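Here is a short, friendly tour of how some side chains pack together. Have a look at the structure, then read on.

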Amino acid sequence: MDVKTTFLNGDLDEEVYMKQPERFVMPGNEHKCVYSKFDSSGKGVIICLYVDDMLIFGTDQNEVDKTKKFLSSKFLMKDMGEADVILGIKIKRENKEIVITQSHYIEKILKKFNCEDCSPVSTPMDPVEKLKPNTGKPVDQLEYSRAIGCLMYAMTSTRPDIAYVVGRLSRFTSNPIRQ
């Protein structure tokens, strides 16, 4: 769902908190925007909130529908229907499973950094490979940092398998070289 009135500059009559009130803080989850409500039978919903967009899912479609109806009665909202992409992450339903992927995002960043013709490998980097500081002709540091940032987003969302190599490469953002 999309909240249509999120950034209107109206006057507020209620108190607005920039930090969670003390009695509402859950240690370790202070900055998460995931909310859930389940009853004793296990029926419930989970709401993932990001700025003005929310993903609502649950164990029972009636509970999801009731939650959407309640939120729509309090805020001007647009129901975007069944989610297929959120925050660059594609959601695929296969049988009774949900698969998340960023293949379209990966293709986009490969094109952005002129790497469409790169060959895929099963292991992105040999862990015993020694990386050393650049002594050759430098490449654009900002462009290298952008590429690392794009890979970090993929790594934290759907590709934990590239975490090691992205971490290693990110240590060389101050003076990168093209190989």
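## Nonpolar cores

This is a predicted model. A good place to start is Leu71, which touches Ile47, Met54, Ile56 and Met77, leaving aside residues up to four places away in sequence. Leu71 belongs to the largest nonpolar core, a set of nine residues that is completed by Met1, Val3, Val45, Ile47, Met54, Ile56, Val64 and Met77. Two or more of its residues come from each of β3 (44–50), β4 (53–58) and α1 (61–74).

A second core, separate from this one, has six residues, among them Met155, Ile162, Val165 and Val166. As background, nonpolar side chains in soluble globular proteins tend to be buried together.

## An aromatic pair

How many aromatic pairs does the model contain? The count is one. The ring centres of Tyr105 and Tyr153 lie 5.4 Å apart with their planes at 75 degrees, and because an angle over 60 counts as edge-to-face, that is the class of this pair.

The two partners sit in distant parts of the chain, 48 residues apart: Tyr105 is in helix α2 (residues 103–112) and Tyr153 in helix α3 (residues 141–157). Tyr105 is buried at 14% relative accessibility, whereas Tyr153 is partly exposed at 29%.

## Around Lys90

Lys90 is found in strand β7 (residues 89–94) and is partly exposed, with 28% relative accessibility. Its contacts, again not counting residues up to four places away in sequence, are Asp84, Val85, Val99, Ile100, Thr101 and His104. For Ile100, the C-alpha to C-alpha distance from Lys90 is 5.6 Å, across 10 residues in sequence.

Key. Residues numbered from 1 in each chain as written. Predicted model: local features only at pLDDT ≥ 70, side-chain atom pairs only at ≥ 80, totals over all residues. Heavy atoms only, no water. Core = buried A, V, L, I, M, F, W, Y, C linked by side-chain atoms within 4.5 Å. Buried < 20%, exposed > 50% of the residue type's maximum accessible area, 1.4 Å probe, protein only. Helix = DSSP H or I, 4+ residues; strand = E, 2+ residues; numbered from the N terminus. Contact = heavy atoms within 4.5 Å. Phe/Tyr/Trp six-rings, centres within 6.5 Å; stacked < 30°, edge-to-face > 60°.
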